[in-house]
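Me: I have a structure open in front of me, and I'd like to understand the words used to describe it. Could you take me through the reasoning behind them?

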Amino acid sequence: MAQRGTPSGSKATARGPALGRGRKWLMTLLFLGCFGFAGGAAFLLFALVPLEHALEARGWGQAGIDRLLGLLVFAWGLIALAVTALYYRLALGRTYRPRQAHLVLLLVVVAAGAAFVMFLDTGVGIIAERRARVQQLSRNLTFGPYPDLDDLKSLKFQHYDGVITLLHPALPFEKVLLDRETANAGEAGIPVYSFPMLPWISENRDALEAIRRLLGDGSKRYYVHCYLGQHRANLVRQMATHGLALAGESVDELLPERLERGTIFTYEHKRIVLGPLPVEQEWFTAVLRHGVREVISTLDPADPDNQPWIEQINKVAADYNLRVTTKPIDTHAPDPLAIRDLAQYARNSGERVYILGYRIGRWVWPLDAALGGGQFVPVPIGRDSFERGPLFKFNRKYVLGPYPTDDEIGTLKLAGIREVVSLMDGTKPDNQRWIQREQQWTAVYGFQFTHISIPSSGDASDQISQATDYVRSRPGPLYIHGFRTDERVQAVANRLR
């Protein structure tokens with residue numbers, strides 16, 4: 001009877017036919033490349049970029065971020081190797097499983113292809129959400145993400161002299177984008193200067209030095225970008241900012257007169273700058289491109305409310321090699337000795353310094369006087385309202401409105417207001433604390449204070465006439481107010497018309 005079975009010496013297995021060694025290695029390398037790229041893309045978008053933002057928000061310096069993220073990139077490489085080894089062992093090793101081996105390989109190839117196509121479209125949602133905003137460091141240097149054809153045409157129209165690209169051709173999708181950018185730039189008529197840089201895993205010293213030489217004397221305008229406009233672009237921005245400071249190029253004409261949280265004051269030909277805490281985008285416009293090398297903070301570290309702002313200051317300082325000095329000032333009752341100490345410190349510094357508080361408030365005016373200020377030309381109030389109500393303005397002599405906030409008090413000071421007239425009803429207990437507080441801050445700011453109580457109910461015609469006559473008898477400029485711009489304020493305004 002015939003025997004059933006497999007002849008001895010057969011190379012077949014229960015799982016399928018044998019696979020040649022060369023084909024095994026080809027499939028393994030293809031798996032490693034595709035899994036590494038697809039998984040690395042997800043790791044970049046969903047882990048590394050958000051983590052970098054989180055570390056920046058917690059005040060980490062760029063050097064520390066680079067070290068940590070560099071380790072994570074290395075760890076991802078080890079994970080990709082480990083997964084590839086597992087794929088080889090389970091699907092391509094001694095027990096060859098052709099269906100599973102080809103299916104898994106197909107999935108990672110498709111995933112890598114999808115990631116590649118996604119990275120080529122910088123406007124796709126997940127990429128666009130992670131792109132940095134375009135920011136101008138100085139008149140001649142602008143930083144941002146990868147530009148498309150319309151962006152390049154716009155740069156040409158704005159008379160930029162060239163585009164500095166940091167894309168690295170060793171990254172497959174960046175090679176395609178670099179070639180596309182070169183072609184688009186040729187169509188737009190603007191030169192492209194390529195200085196390949198790698199994020200996190202390299203210090204990129206040669207590229208940074210080459211860019212420094214290209215920037216030269218700063219007479220030409222360039223748009224600098226990497227892919228998202230963040231890490232590599234930030235390295236160049238840090239280098240350029242430090243270079244401007246060392247060269248003493250302050251870009252004074254670009255120093256704004258006001259930031260979101262208040263007015264800016266300058267002393268000693270703009271070597272000393274006094275102002276509020278900048279919001280994120282204002283650090284470049286008000287501090288970094290002005291060549292500031294030291295930030296003097298008046299925020300009290302013992303106040304828990306100040307901790308987020310202090311962390312923001314320290315983070316910017318670490319990223320851009322700024323020195324931070326803390327000189328706490330009581331914003332409500334500034335100590336004259338602390339004011340004199342801070343002013344003396346700033347005057348003795350040989351570098352450009354930025355003195356800041358959270359907002360412009362009463363602490364500014366004694367410091368302004370100690371720094372030799374107080375001689376500013378009055379600036380008209382350009383606003384039509386304050387926080388608590390609208391303003392009525394009469395020939396810069398009379399301004400009527402609501403009880404001012406600390407920032408608005410600074411606006412009145414800059415407008416040359418000499419006297420504040422309160423119309424608040426002094427018979428109401430709730431108003432007493434506001435009137436007492438006003439007596440304090442007007443003394444600190446150097447205003448003359450007059451209180452003419454107008455009742456909030458009943459016939460107030462006599463008191464309104466008294467207030468109107470008093471205001472007309474004063475040389476001005478005056479600020480006349482209630483707690484809000486109420487009927488009493490409007491009645492006085494109507495009589496002054």
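Reply: Happy to! Let's start with a cut-off for helix pairs: angles under 35 degrees count as roughly parallel, over 145 as roughly antiparallel, 65 to 115 as roughly perpendicular and the rest as oblique. Please keep in mind that this is a predicted model.

Me: Thanks. Why are α5 and α6 called oblique to each other?

Reply: The axes of helix α5 (residues 149–157) and α6 cross at roughly 40°. Angles outside the parallel, antiparallel and perpendicular ranges count as oblique, and α5 and α6 are therefore oblique to each other. Their axes come within 9 Å, and α5 passes α6 in a right-handed crossing. On the α5 side, the contact is made by Leu149, Leu152, Lys153 and Lys156; α6 brings Glu181, Asn184, Ala185, Glu187 and Ala188.

Me: What classes of residue make up the contact of α5 with α6?

Reply: There are four nonpolar, one polar and four charged residues in that contact.

Me: And what makes the contact between α3 and α6?

Reply: Helix α3 (residues 98–120) supplies Phe116, Phe119 and Leu120, while α6 (residues 172–188) supplies Pro172, Phe173, Val176, Leu177 and Arg180. By class, that gives seven nonpolar, no polar and one charged residues. The two helices pack at an angle of about 35°, with their axes 9 Å apart.

Me: How do you know that Thr411 is buried?

Reply: Buried means under 20% relative accessible area. Thr411 has 12% relative accessibility, so Thr411 counts as buried. Leaving aside neighbours within four places in sequence, Thr411 is in contact with Arg258, Ile381, Arg383 and Phe386. Thr411 is found in helix α13.

Me: Why is α13 described as mostly covered?

Reply: Seven of the nine residues of α13 (residues 406–414) are buried. Besides Thr411, they include Asp407, Glu408, Ile409 and Gly410. Just after α13, Gly416 takes a positive phi of about 85°.

Me: One last helix: how do you know that the buried residues of α7 line one face?

Reply: In α7 (residues 205–215), Ala207, Leu208, Ala210, Ile211 and Leu215 are buried. Seen down the axis of α7, these residues fall within an arc of 160°, so they line one face of the helix. As background, an α-helix has 3.6 residues a turn, so residues three or four places apart point the same way.

Me: Which residues are exposed on the other side of α7?

Reply: Arg205, Asp206 and Arg213 are exposed there, and the word exposed calls for over 50% relative accessible area. After α7 comes Gly216, with a positive phi near 55°.

Conventions
Residues are numbered from 1 along each chain as its sequence is written. This is a predicted model: local features need pLDDT of at least 70, side-chain atom pairs count only at pLDDT 80 or more; totals for chains, interfaces and linings use all residues. Side-chain values use heavy atoms; hydrogens and water are left out. Axes are lines fitted to C-alpha atoms, for helices over the stretch in contact, and angles run from 0 to 180 degrees between N-to-C directions. Helices (H or I, at least four residues) and strands (E, at least two) are DSSP runs, numbered from the N terminus. Contact means heavy atoms within 4.5 Å. Ala, Val, Leu, Ile, Met, Phe, Trp, Tyr, Cys and Pro count as nonpolar, Asp, Glu, Lys and Arg as charged, and the others, Gly among them, as polar. Buried means under 20% relative accessible area, exposed over 50%, partly exposed in between (1.4 Å probe, protein chains only). The arc is that of the directions from the helix axis to the C-beta atoms. A crossing is left-handed if the near helix is turned anticlockwise from the far one by less than a right angle, and right-handed if clockwise.
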